[in-house]
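Here is a short briefing on the structure below. Keep the sequence and the coordinates at hand while reading.

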2 protein chains.
Amino acid sequence: MVEARMRSVTNGHHPDLIAALDHLLSSGGKRVRPAVALLTGEMLGAEPEKLITLSAAIELLHTATLVHDDLIDGAYLRRGIPTLNSQWTPAATVLTGDYIFACAAQLAADTGSVEVMQKFAETLAIIVNGEIKQMFSSPAKDSRLDYMERINAKTASMFVLATTAAAMLSPNSEQSFNAASRYGYGIGMAFQIIDDVLDFTGKQDTIGKPVASDLRQGLITLPTIYYLEMHPDDPDLRVLLSGVNFNNDRIARVIQSIQESNAIQASVDEAKEFIRQALSALNDLPATPERQALEELAIYIIDRHR
Amino acid sequence: MVEARMRSVTNGHHPDLIAALDHLLSSGGKRVRPAVALLTGEMLGAEPEKLITLSAAIELLHTATLVHDDLIDGAYLRRGIPTLNSQWTPAATVLTGDYIFACAAQLAADTGSVEVMQKFAETLAIIVNGEIKQMFSSPAKDSRLDYMERINAKTASMFVLATTAAAMLSPNSEQSFNAASRYGYGIGMAFQIIDDVLDFTGKQDTIGKPVASDLRQGLITLPTIYYLEMHPDDPDLRVLLSGVNFNNDRIARVIQSIQESNAIQASVDEAKEFIRQALSALNDLPATPERQALEELAIYIIDRHR
């Protein structure tokens, strides 16, 4: 029903736009944000009809940010299939992203909640502000704190949107809001950390893009940060971080060093700690079958790295 | 107060983003959309505080679409000053536009009206859909009907948003909605037609960009459409429209022919007809000093071309 709702807003629009949206929505994705919104809202007694609209709005907002991100990064593959910008002009890609923002906003307004709309707009501002910050900061300055701030803006904020907006649509939302927010934050942070671990440990076929593509683009994520803390003098990584020499052999050596180091396990442990916080937040919420599913979902997020 | 409200949403965000927004807002513009929203709302008895928020939201939505438009068109000047994309990277420009969308959505949500939010999202979808349509259609196929559809999406839709959202925030909004919508449509269509006339008749200093910049970019507007109807066999224009030869002498000849033809007056007459419809819609609205000001604003739109 969420899939159908996402496609329901395009009535009467240009066929090429509808085709682009269709391409994006058909390219898979786990739809984990809609699952989180649906389960949270059902657990808290929200109206299913509104939760479907909310979940569709959240997934479209996520999709719109991916379209502009891939354009900005010049990424050619996502989930193993060609990105929109690899096939369209930059102009058409910018506009398609804007169009999907508009569709997401329409669905968010359709929930009938001004509070939800405010949270939506605030989340988009947080995400974009985080990207601008990343763009204007030198990668070498990346500390663990910078990283946490960055993945909070990039990923956790959208999970917090999913859980808190679902709570807003529920009766007694004041009582559940705080715990819902903590759950969303915990799984969101863990989700991104595990994504960044998989960037090092995954196979290209599974993650749908080249191994360590972040590091290749000069983006420092948690495994690299831990590795640096453990091996502050690694000459290859030092040269890499200075940004002067993007030699392929050197990158390959650094990637292998990180893969074989304890930095991977340290990162997974950090993700586990966020999951522990998320599970503890669940204890303050109603013990329903949906809560059980949210528990399993939190554990699945960690299990993805195996 | 609208100016201050537009800058009030950026608290805590990245200094470069705030500087970019400041640059955009300081570059002038007539703020005609806020004026229309304020006057319409005041005429209909809406709360001033909400109207200020609404007006700020509309001007920011307009600003965000201009940022992405200028990037797409590769425009280097707007209102006589450098565009954002002439100074920033495309990536930063895309993100800044997204950020301003988010600010606009936050303010729109702050009006507290779900109806207003829906109209906002719908308007953004109309604008983007219109741009995509224009991008994927051959300019030579431009008829008067295509043109009207295009400027409705591009410009009139935002004026309709200004008047109808103001009506939505007012008591008895059902009674005033239709007339408010017709007024917004009439002045919006006339506004864009006069802009397109000024593109031919204005001086570069006044319009802040090269004369006939639309035609130079292959974009056919109403004066050219009328000229074509009057001189279907003009060899220079035919060659130009076939898109093969963008010779500078030929463009200069075509521009001069259009400037000296009756196409200019025919376009102004068409704008006058839209203003007549807008003034007639005002008759169905309360006879207050604000209505008088809206009348004068409608007449000013036409007088701009002198």
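In which helix of chain A does Asp98(A) lie? Asp98(A) sits in helix H5 of chain A. The model is predicted. Chains A and B are related as by a two-fold rotation axis, and the contact takes 36 residues from each of them. The points below go from the symmetry to the interface, then to single residues and a helix pair in chain B.

**Symmetry of the two copies**
- A turn of 180° with a shift of 0.0 Å along the axis lays chain A on chain B. The RMSD of that superposition is 0.0 Å.
- The two copies are thus related as by a two-fold rotation axis.
- Val114(A) has the C-alpha nearest the axis in chain A, at 3.0 Å from it.
- Both copies use the same surface. Of the contact residues of chain A, 100% recur in chain B.

**The interface between A and B**
- Chain A gives 36 residues to the contact, and chain B gives 36 residues.
- On the side of chain A that touches chain B, the elements giving two or more residues are helices H2 (15-26), H4 (48-73), H5 (90-110) and H6 (114-135) of chain A.
- H6(A) gives the most to this side, with 14 residues.
- The residues of this side of chain A divide into 24 nonpolar, seven polar and five charged.

**H4(A) against H5(B)**
- H4(A) packs on helix H5 (residues 90-110) of chain B at an angle of about 160°. Their axes are 9 Å apart.
- Angles over 145 degrees count as roughly antiparallel, so H4(A) is roughly antiparallel to H5(B).
- H4(A) and H5(B) make a left-handed crossing.
- From H4(A), the contact is made by His68(A), Leu71(A) and Ile72(A). From H5(B), it is made by Ala91(B), Val94(B) and Asp98(B).
- The residues of this contact divide into four nonpolar, one polar and one charged.

**Asp98(A)**
- Is Asp98(A) buried or exposed? Asp98(A) has 27 other C-beta atoms within 10 Å. The cut-off for a buried residue is 20 or more, so Asp98(A) is buried.
- Which residues does Asp98(A) contact, leaving aside its neighbours within four places in sequence? They are His68(B) and Val128(B).
- Asp98(A) and Gly112(A) are 14 residues apart along the chain. Their C-alpha atoms are separated by 22 Å.

**Arg79(B)**
- Arg79(B) is in the loop between strand E1 (77-78) and strand E2 (81-82) of chain B.
- Arg79(B) has 13 other C-beta atoms within 10 Å. A residue counts as exposed at 12 or fewer and as buried at 20 or more, so Arg79(B) is partly exposed.
- Arg79(B) and Ser27(B) are 52 residues apart along the chain. Their C-alpha atoms are separated by 7.2 Å.

**H7(B) and H8(B)**
- Helix H7 (residues 144-168) and helix H8 (residues 173-201) of chain B cross at roughly 150°. Their axes come within 7 Å.
- H7(B) and H8(B) are therefore roughly antiparallel to each other.
- H7(B) passes H8(B) in a right-handed crossing.
- The residues of the contact of H7(B) with H8(B) divide into 16 nonpolar, 10 polar and one charged.

Definitions and conventions:
Residues are numbered from 1 along each chain as its sequence is written. Chains are lettered from A and ligands numbered from 1 in the order in which they are written. This is a predicted model: local features need pLDDT of at least 70, side-chain atom pairs count only at pLDDT 80 or more; totals for chains, interfaces and linings use all residues. Axes are lines fitted to C-alpha atoms, for helices over the stretch in contact, and angles run from 0 to 180 degrees between N-to-C directions. Helices (H or I, at least four residues) and strands (E, at least two) are DSSP runs, numbered from the N terminus. Angles under 35 degrees count as roughly parallel, over 145 as roughly antiparallel, 65 to 115 as roughly perpendicular and the rest as oblique. A crossing is left-handed if the near helix is turned anticlockwise from the far one by less than a right angle, and right-handed if clockwise. Ala, Val, Leu, Ile, Met, Phe, Trp, Tyr, Cys and Pro count as nonpolar, Asp, Glu, Lys and Arg as charged, and the others, Gly among them, as polar. Copies are superposed by least squares on the C-alpha atoms of residues with pLDDT of at least 70 in both. Two residues are in contact if their C-beta atoms, placed from the backbone, lie within 7 Å.
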